[in-house]
Structure formats: structure tokens, C-alpha cells
Amino acid sequence: MVKIGLRTFFMILSIGLHLASAVSILEYLFNLDVNENEDSNFKDLVIKYGKECEEYQVVTEDGYILTLFRIPGDVNRPVLLVHGCFGSGDSFILRGKKSLAYALAEAGYDVWVCNYRGTKYSRKHVTVDPDRDDKFWDYSFEEIGYYDMPAFIDFILEKTGQAKLQTIGYSQGGTVFYVMGSIKPEYNEKIKVLISLAPIAHFYHIKNPVTRLFENESRLSNIINAMGKEEIFGPRSGERAMIDAICWSPLTGYKICSQFLFELVGYDEDECEPKFYYKLKHYVPNSISKKNVQHLLQLRRGFNRFDYGPERNLEVYNATSPSKYDLDKVKMKIVLYVSKNDRLSTVEDGEELRNEFSNVVEFRIIERDEFNHLDFIWAKNMDKYIFPHILRALEQYNF
């Protein structure tokens with residue numbers, strides 16, 4: 001398999017990101033199909049696998065129009081699934097009948113799958129155009145936790161008539177609940193339990209080569225800033241064209257891009273076979289804001305609010321440095337699942353996070369040694385390695 005070093009990656013990334021102004025040429029040269037296939041909609045996939053699916057629009061306090069999917073079940077047992085960055089609600093159905101959303105529906109849960117701001121299902125706002133106004137993209141995971149999660153929770157509870165719900169957050173999908181519980185503590189009472197898969201709050205113990213990637217935070221930020229836009233991986237962007245041309249090539253895509261992906265998340269080729277890898281073409285990456293990416297990079301320094309720089313911080317926070325999120329205010333029950341081969345959400349960081357919370361009711365290291373960051377949502381055999389733990393935790397903390 002081809003090996004790609006970080007220096008080569010930075011060169012490819014820099015070139016690709018500067019192609020944003022030449023997207024039409026790339027599409028012509030590579031005959032890129034930016035349209036999705038007939039099975040690329042979450043609702044269509046759910047129906048394809050034999051379940052009913054409902055779709056709702058939820059409007060946040062700050063005007064974002066978000067899509068929320070539902071696979072109807074027992075209204076007394078609502079479960080909210082929250083995807084990670086670069087993903088969407090599709091993440092929870094791509095393995096078909098071996099997907100988490102399907103497994104929960106089979107177990108009788110009322111399954112709600114959200115799509116927070118910026119994803120392909122939630123590129124709408126009551127006044128702002130995401131394709132023309134940079135203001136739409138002025139957010140990080142803090143705004144998702146502060147605005148989007150409360151909006152989803154309130155909608156679901158009103159629709160089901162329940163006072164509380166259970167939730168499962170993958171990667172950044174757990175992070176946004178830490179934020180919400182910290183700065184909107186009244187919402188802790190609305191969560192029976194948060195199951196946080198591959199939890200992320202800080203990157204103190206990330207593994208090589210990811211460590212070197214974060215050590216180049218300033219260089220990465222310069223590359224991102226050089227793009228001259230606030231949205232990354234937009235539907236017709238140069239960086240999206242680069243991904244299409246390189247990563248989805250039948251001849252070289254899996255050999256090159258899956259190898260680099262494994263460098264970041266941990267190697268586990270057995271659980272991400274070529275056939276499934278190429279299926280991802282129609283689902284990832286989703287758009288993400290520049291600010292969100294930069295905020296994630298800043299987590300190397302700790303679980304802090306966004307750092308604008310000393311002068312801007314004074315205006316926003318009345319201090320030269322951003323404050324830490326107060327995890328003592330996060331009172332909801334939390335289950336943390338980590339894996340030894342995850343290079344982003346490491347066991348060591350998970351253990352530190354467990355000690356920072358006062359309410360972790362379960363901390364588990366997944367038994368499979370090769371289990372990586374993406375295996376939590378896409379592994380071929382996740383129904384064996386992790387679903388039994390999730391279903392048991394949901395049953396145990398359903399109060």
C-alpha cells in the first residue's frame with residue numbers, strides 16, 4: 001500500500017485548496033459527478049432497508065433551519081443520534097441493516113437522527129444565504145452545542161410528550177453536549193444519558209502522525225485562510241473537486257486516500273473494505289466551517305472556547321484568553337466508549353475526560369485491539385463489537 005508522509009500531504013492539500021477558483025475546469029477534465037445517486041438521501045436509505053422515515057425542519061434561536069429525521073418507534077423511548085464533523089445523519093445508516101440507526105429501530109426505540117448546521121441537509125437560514133453570505137459559516141462546535149442541540153431536544157420532547165431523552169454522540173457529536181451542559185446547564189435535566197462514542201474534548205495524547213499534524217496548527221490555519229472563504233468542502237468547491245479526483249478514482253483512490261485516512265484514525269482495513277469505502281463517495285465529506293476546523297485544532301491546548309487572538313478575545317470575552325468550558329456544570333449521566341487503536345480519541349484522553357466529569361457512569365475500552373475512530377459508526381462488524389454495549393447502556397440508564 002502507498003505510504004504518504006505529512007509533507008507530501010501538505011503539498012497536495014495546499015495545491016488542492018488553491019483550485020477553488022478553477023472548479024469548472026476540474027469538473028470538465030475529470031468528468032466529476034457532483035450530484036448524488038438515487039440512494040444518497042437518508043430517508044430513501046431507511047425506506048430501502050424496510051423502515052418508515054419522517055422528516056422535520058427545526059429552526060434554531062439564531063435562525064438556522066435544520067433537518068431532523070425520525071424512524072418511528074416507542075415514543076416512550078426517544079433516542080437522538082448526533083454525527084461527527086465532516087459527516088451528517090447519513091453516518092448512522094450507511095451500513096444498512098448493520099447500521100446503528102437500524103439496530104436501534106429494530107430494538108423498538110424511537111430513533112431521531114439530527115443534522116446540525118452546515119451539513120447537506122441543513123444548509124438553510126431564515127435570512128442568510130450559505131452560498132453568498134460568510135455570516136452563515138461563522139460558527140464552531142460551540143454554536144452547535146448552544147443553539148442546535150437545544151432546538152433538537154425541545155422539538156423531540158414536544159413531539160413525543162416526554163420530559164427526557166437518551167442520546168448517542170459520535171466524536172464531535174459528543175463534544176457539543178459537553179458544551180451544551182456547560183453553558184446551558186438547564187438542559188442537563190433533559191438528558192437521561194449521553195453515550196459518547198470516541199469522545200473528544202482535548203487532544204493531549206493524540207498519536208503520531210496526528211501529533212505532527214496538530215503541531216503544524218499555524219501552517220494548517222494559513223492554508224485554510226489562503227482559501228479566502230469560510231466554508232470548507234462546499235458542494236462545488238476546489239477542495240471537493242480534489243477529493244473527487246484523487247480519492248474516488250477506481251484505480252488509486254482506496255490505495256492512496258484510505259491509507260492516509262488510516263494514518264489519522266488508526267489502521268483497520270478489515271472493517272473498511274474497498275466496496276464500502278467507495279460507497280462513501282456520495283456521503284462524505286460534508287461541508288464544515290473554517291471556524292469549526294480551527295476550533296478543533298485549538299483543542300490541543302485544552303477544552304477552551306474559541307481563541308480569536310488577544311485583541312478580539314478582549315472584545316468577546318473581556319479577557320485576552322478564552323475561558324475553559326466548565327465541565328463541573330455537566331450533570332447528565334455520561335457513558336464513554338474509547339478504543340486502543342483510535343489515534344484521535346485516545347484511551348489516555350478518555351481517561352482524563354472521565355476524571356474531569358463527575359458523572360461518568362461507565363467507561364469502556366472496546367475489546368477489539370484494531371478498533372479505530374471510524375469503526376464506531378462504519379465498522380463492518382460493529383454490530384458485534386459495540387452495539388451490545390450501546391443497547392445495554394440504553395436499557396440500564398432509561399430513567
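**Figure 1. Close-up of S171 and the annotated active site in the predicted model.** S171 is buried, at a relative accessible area of 5%, which falls under the 20% cut-off for that class. This residue sits in the loop between β6 and α6. According to an unreviewed UniProt entry, the annotation "active site" covers S171, D342 and H373. These residues are spread over 203 residues of sequence, yet they cluster in space, with a largest C-alpha distance of 11.1 Å. The unreviewed UniProt entry also lists residues 78-202 as "domain: AB hydrolase-1". Over that range the chain is 31% helix and 22% strand, and the C-alpha atoms at its two ends lie 29 Å apart.

**Figure 2. Strand β6 and its surroundings.** Strand β6 spans residues 165-170, and six of its six residues are buried, so the strand is largely enclosed by the rest of the structure. Both of its faces are covered. On one side the buried residues are L165, T167 and G169; on the other they are Q166, I168 and Y170. Strand β3 (residues 74-82) runs parallel to β6 and is joined to it by four bridges. Within this pairing, V82 of β3 stands opposite G169 of β6.

**Figure 3. Strand β7 between β6 and β10.** Strand β7 covers residues 191-197 and runs parallel to β6, with six bridges joining the two. T167 has L194 of β7 as its bridge partner, and Y170 stands opposite L197 of β7. Strand β7 is mostly covered, with seven of its seven residues buried. Four bridges join β7 to β10, again in a parallel arrangement. L197 has Y337 as its bridge partner in β10. Which helix joins β6 and β7 in a β-α-β unit? The helix is α6 (residues 172-183), and the unit it makes with β6 and β7 is right-handed.

**Figure 4. The largest cavity and residue F86.** A search of the whole structure finds two cavities of 30 Å³ or more. The largest has a volume of about 60 Å³. Its lining holds 14 residues, of which F86, Y116, R117, S287 and I288 are the closest to the cavity centre. By class, the lining divides into five nonpolar, eight polar and one charged residue. F86 is also marked by its backbone: its phi is near 70°, a positive value in a residue other than glycine. F86 belongs to the loop between β3 and α4 (100-106). With a relative accessible area of 31%, F86 is partly exposed, because that value falls between the 20% and 50% cut-offs.

**Figure 5. The second largest cavity and its lining.** About 50 Å³ of space lies in this cavity. The residues that line it are F262, D268, E271, C272, N372, L374, D375, W378 and A379. Five of the lining residues are nonpolar, one is polar and three are charged.

**Figure 6. Cis peptide bonds ahead of P209 and P285.** The peptide bond from N208 to P209 is cis, and its omega is near 0°. P209 is part of the loop between β7 and α7 (210-215). V284 and P285 are likewise joined by a cis peptide bond, here with an omega of about -5°. P285 occupies the loop between α11 (274-279) and β9 (288-289).

**Figure 7. Close-up of N318, a residue with positive phi.** The phi of N318 is about 60°, although this residue is not a glycine. N318 is located in the loop between α13 (310-317) and β10 (334-338). Is N318 buried or exposed? At 66% relative accessibility, N318 counts as exposed, because the cut-off for that class is over 50%.

Note on methods:
Residues numbered from 1 in each chain as written. Predicted model: local features only at pLDDT ≥ 70, side-chain atom pairs only at ≥ 80, totals over all residues. Heavy atoms only, no water. 1 Å grid on protein atoms, 1.4 Å probe; cavity = no way out; pocket = protein on both sides within 12 Å on 5 of 7 lines; lining within 4 Å. Points joined across faces, edges and corners; volume = space filled by probe spheres on them. Nonpolar A, V, L, I, M, F, W, Y, C, P; charged D, E, K, R; others polar. UniProt positions renumbered as here; feature names shortened; annotations may be inferred. Buried < 20%, exposed > 50% of the residue type's maximum accessible area, 1.4 Å probe, protein only. Pairing = 2+ DSSP bridges. Right-handed = clockwise from strand over helix to strand, strands pointing away.
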